[in-house]
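User: Could you take me through this model, beginning with the overall layout?

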Amino acid sequence: MSRKPGFEIAALADDLLVIVDELGEAAETAMFRAAVRGKARAVEAIGEVAGSPLSRARFNPVDTGEMRRSYVVRRIAGGAVLENVAPHAAHQEHGTRPFTPPIRPLERWAERKLRGSMRAGRGRAKQARAMARAVRRAIQKRGIIPKSFHTAASQDFGRFTEEELLRELRKVR
């Protein structure tokens, strides 16, 4: 059942149906575990791509960790989709046109960024407001630059999933 990197999902699905018929519930359990691990590997790869100097990402987009925690696998006819359900995920992945963002979330972000470099107080709050206004002006002028970290990492998702499926099914057979 090993395939070249460009394997066809439909052929893999057919092979898996035969295995499920042969092995029953044990195969289904193995496939579920494999899917969970495949998802985890894909999310790790997304983080690695975002932090890679070779990626198009300009910085590692982890602030509060909300996006990293917001990956879900959604079943669809003939397969599954790995998606990020964080409200700002699409903006980070694909970028935006210029717009005026609300200032409060930018101030909270700036405050978090300054925590390690400045003591709490009026000075840090003032610096955070100035930083937030500068970022707001940049977004008003240029929009949000696309990071493409999910797109780059998801190219390997099929391979991750197949490797995990094969590992789990070897345990069952």
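The chat below goes from the fold to the cores and then to a charged surface patch.

Analyst: This is a predicted model, in which local features need pLDDT of at least 70, side-chain atom pairs count only at pLDDT 80 or more, and totals for chains, interfaces and linings use all residues. Residues are numbered from 1 along each chain as its sequence is written, and side-chain values use heavy atoms, with hydrogens and water left out.

User: How many helices and strands does the protein chain have?
Analyst: The protein chain has 8 helices and 2 strands, taken as DSSP runs (H or I of at least four residues for helices, E of at least two for strands) and numbered from the N terminus. Their order along the sequence is α-α-α-β-β-α-α-α-α-α.

User: Which residues form the largest nonpolar core?
Analyst: Met67, Tyr71, Leu82, Ala86, Ala89 and Phe149 form that core of 6 residues, and a second, separate core of 5 residues includes Ile19, Ala27, Met31 and Ala34. A nonpolar core here is a set of buried Ala, Val, Leu, Ile, Met, Phe, Trp, Tyr and Cys residues joined through side-chain atoms within 4.5 Å.

User: Switching to Arg129, is that residue buried or exposed?
Analyst: Arg129, which lies in helix α6 (residues 122–142), counts as partly exposed because its relative accessibility is 38%; buried means under 20% relative accessible area, exposed over 50%, and partly exposed in between (1.4 Å probe, protein chains only).

User: And how far is Ile103 from Arg129 in space?
Analyst: Their C-alpha atoms are 8.6 Å apart, with the two positions 26 residues apart in sequence numbering. Ile103 belongs to helix α5 (residues 103–114).
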